[in-house]
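Here's a quick walk through how this chain is put together. Have the viewer open, and keep an eye on the rings first.

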Amino acid sequence: MSDAALMLRELSEPWASGERIKSVLDRTSKLCRLTYWRTYDIWYRKARRIEPHEIDQIAEALAIKKEKAARNELHDLKLRLARLEASLNAGDTHFNSSAIDRTRELADRRGGLDRAMARR
């Protein structure tokens, strides 16, 4: 039962500065598709029993959140790399070496920046 409460707390993060627990519980309950009061009972470990489908809903919401965070991080890294490449390319005439061209080619095969930018 405490696992479900911990999963709810992880799902609720990050909190806005000064955010009240009521709004946190409301936001979290919507993410995991549980009622506010059911989320409240699980959060404060007042629930006598947690149904398997409720745990599944919480776990699914947490997995979606983690996947979205990973996609955002990957996109940010690709964007940073593109900016670094552009700044190096602008200032260094030897930047277009064959090793860099090969790296660009490999990145393009794996999806590259164009695919990541198109998804947004």
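## Aromatic pairs

Searching the whole structure, which is a predicted model, turns up four aromatic pairs. One of them is Trp-37 with Tyr-40, an edge-to-face pair with 5.2 Å centre to centre and 65° between the planes. Both residues sit in helix α3, three residues apart, or about one turn of the helix. How exposed are these two, going by relative accessible area? Trp-37 is exposed at 57%, while Tyr-40 comes in at 22% and counts as partly exposed.

Tyr-40 also pairs with Tyr-44: the ring centres are 4.8 Å apart and the planes make 55°, so this pair is tilted. An edge-to-face label would need over 60 degrees. Tyr-44 is partly exposed too, with a relative accessible area of 37%. Put the ring pairs together and you get a cluster that links Tyr-36, Trp-37, Tyr-40 and Tyr-44.

## The overall fold

Zooming out, the protein chain has six helices and zero strands, so reading the elements from the N terminus on gives simply α-α-α-α-α-α. The chain has 120 residues, and 24% of them count as buried.

What about sequence separation? Take the contacts between residues at least 6 apart in sequence: 52% of those join residues at least 24 apart.

## How α1 packs

Start with α1 (residues 2-12) and α2 (residues 21-32): their axes come within 9 Å and cross at roughly 105°. Angles of 65 to 115 degrees count as roughly perpendicular, and that is therefore the label for α1 and α2. On the α1 side, the contact is made by Leu-8, Leu-11 and Ser-12; on the α2 side, by Val-24, Arg-27, Thr-28, Leu-31 and Cys-32. Sorted by class, that contact has five nonpolar, two polar and one charged residues.

Now swap the partner for helix α3 (residues 36-43), the one with the Trp-37 and Tyr-40 pair. The α1 and α3 axes come within 8 Å and cross at roughly 115°. Here Ala-4, Ala-5, Leu-8, Arg-9 and Ser-12 of α1 meet Thr-39, Ile-42 and Trp-43 of α3. The class breakdown for this contact is five nonpolar, two polar and one charged residues. Leu-8 and Ser-12 are listed in the contact with α2 and also in the one with α3.

## The nonpolar core

Which residues touch the most other members of the largest nonpolar core? That core has 15 residues, and the answer is Leu-8, Cys-32, Ile-42 and Ile-58. Helices α1, α2, α3 and α4 (52-91) each supply at least two residues of the core, with α1 giving the most, at four.

Three of these names have come up already. Leu-8 is in the α1 contacts with α2 and with α3, Cys-32 is on the α2 side, and Ile-42 is on the α3 side. Ile-58 brings them together: leaving out residues up to four places away in sequence, Ile-58 touches Ala-4, Met-7, Leu-8, Cys-32, Leu-34 and Ile-42. If you want one residue to centre the view on, Ile-58 shows Leu-8, Cys-32 and Ile-42 among its contacts.

Notes. Residues numbered from 1 in each chain as written. Predicted model: local features only at pLDDT ≥ 70, side-chain atom pairs only at ≥ 80, totals over all residues. Heavy atoms only, no water. Axes fitted to C-alpha atoms, helices over the stretch in contact; angles between N-to-C directions. Parallel < 35°, antiparallel > 145°, perpendicular 65-115°, else oblique. Contact = heavy atoms within 4.5 Å. Nonpolar A, V, L, I, M, F, W, Y, C, P; charged D, E, K, R; others polar. Core = buried A, V, L, I, M, F, W, Y, C linked by side-chain atoms within 4.5 Å. Buried < 20%, exposed > 50% of the residue type's maximum accessible area, 1.4 Å probe, protein only. Phe/Tyr/Trp six-rings, centres within 6.5 Å; stacked < 30°, edge-to-face > 60°.
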